[in-house]
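Trainee: Let us go through this model by question and answer. Please keep the replies short.

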Amino acid sequence: MLTISNRISIPLKEIEFKAIRAQGCGGQNVNKVSSAIHLRFDIKRSSLPDFFKDRLLAYQDQRITADGVIVIKAQSFRDQERNKENSLLRLRQLIKTATTLEKQRRATKPTRSSQRKRMDKKNKRGQIKKGRGKVDF
């Protein structure tokens, strides 16, 4: 089970793992060992609540395909197990960031004293700059 929050978790049978060969240089073993992991998670067929599904499908991320499938490629580590754990961690983070609700911003006015302080600072700064001008004798 992949635990997202206290109440929400995803069974591992809904997540598809595929071992592939990692990209980049790696020495003699690189062409023989499939240590990278392709994680595929179908949002529409998952057991997530509808709110989570809607938020994930609306989320703009290059890892989410047009069909509603999350594809994560993990190849940071040299062994398959750690890459698998890394891909699950990244899936959890993606779901959490997509489903967090941001607090609505309420517009506020600056207080009178802060406006007055600002104008006083501007005036003082202007006087300093004015004093740098040409001196007449």
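Trainee: In which strand does His-38 lie?
Mentor: This is a predicted model, where local features need pLDDT of at least 70, side-chain atom pairs count only at pLDDT 80 or more, and totals for chains, interfaces and linings use all residues. Residues are numbered from 1 along each chain as its sequence is written, and side-chain values use heavy atoms, with hydrogens and water left out. Strands here are DSSP runs of E, at least two residues, and helices are runs of H or I, at least four, both numbered from the N terminus. His-38 lies in strand β4.

Trainee: Does His-38 count as buried, exposed or partly exposed, and why?
Mentor: Buried means under 20% relative accessible area, exposed over 50%, and partly exposed in between, with a 1.4 Å probe and protein chains only. His-38 has 27% relative accessibility, so the label is partly exposed.

Trainee: Which residues does His-38 contact, leaving aside neighbours within four places in sequence?
Mentor: Contact means heavy atoms within 4.5 Å. By that test, His-38 is in contact with Glu-16, Phe-17, Lys-18, Ile-20, Val-71, Ile-72 and Lys-73.

Trainee: Which strands pair with β4, and over how many bridges?
Mentor: Two strands pair if DSSP finds at least two bridges between them. Strand β3 (residues 15–20) is antiparallel to β4 (residues 36–42), over six bridges. Strand β5 (residues 69–74) also runs antiparallel to β4, and the bridges joining them number six.

Trainee: What are the bridge partners of Ile-15 and Ile-37?
Mentor: For Ile-15, look in β4: the partner is Phe-41. For Ile-37, look in β5: the partner is Ala-74.

Trainee: What separates the C-alpha atoms of His-38 and Asn-83?
Mentor: Asn-83 has its place in helix α2 (residues 80–99). The two residues are 45 apart along the chain. Their C-alpha atoms are separated by 9.3 Å.

Trainee: Is Asn-83 buried or exposed, and which residues does it contact beyond four places in sequence?
Mentor: Asn-83 has 0% relative accessibility, so it counts as buried. Its contacts are Ser-35, Ala-36, Ile-37, Ala-74, Gln-75, Ser-76 and Phe-77.

Trainee: Which element gives the most to the largest nonpolar core?
Mentor: A nonpolar core is a set of buried Ala, Val, Leu, Ile, Met, Phe, Trp, Tyr and Cys residues joined through side-chain atoms within 4.5 Å. Of the 19 residues in the largest one, Ile-10, Ile-15, Phe-41, Ile-70, Leu-91 and Ile-95 touch the most other members. At least two residues come from each of β4, α1 (50–58), β5 and α2. With five residues, the element that gives the most is α2.

Trainee: Which residues does Phe-41 touch, not counting those up to four places away in sequence?
Mentor: Its list includes core members Ile-10, Ile-15, Ile-70, Leu-91 and Ile-95. Phe-41 also touches Glu-14, Ser-46, Leu-48, Gly-68 and Val-69.

Trainee: What about Phe-51: how far is its C-alpha atom from that of Thr-99?
Mentor: Phe-51 is found in helix α1. At 42% relative accessibility, it counts as partly exposed. Beyond four places in sequence, Phe-51 is in contact with Thr-99 and Leu-101. The C-alpha atoms of Phe-51 and Thr-99 are separated by 8.2 Å.

Trainee: How does the radius of gyration of the chain stand against the globule rule?
Mentor: The chain has three helices and five strands, in the order β-β-β-β-α-β-α-α from the N terminus. The radius is taken over C-alpha atoms, and the rule is 2.2 Å times the number of residues to the power 0.38. The rule gives 14 Å for 137 residues, so the chain is more spread out than a compact globule, with a radius of gyration of 27 Å.

Trainee: Where in the chain is confidence lowest, and where highest?
Mentor: pLDDT is the predictor's confidence in each residue, from 0 to 100. The chain mean is 86, and 96% of its residues reach 70 or more. Confidence is lowest in strand β1 (residues 2–3), at a mean of 81, and highest, at 96, in helix α3 (residues 112–130).
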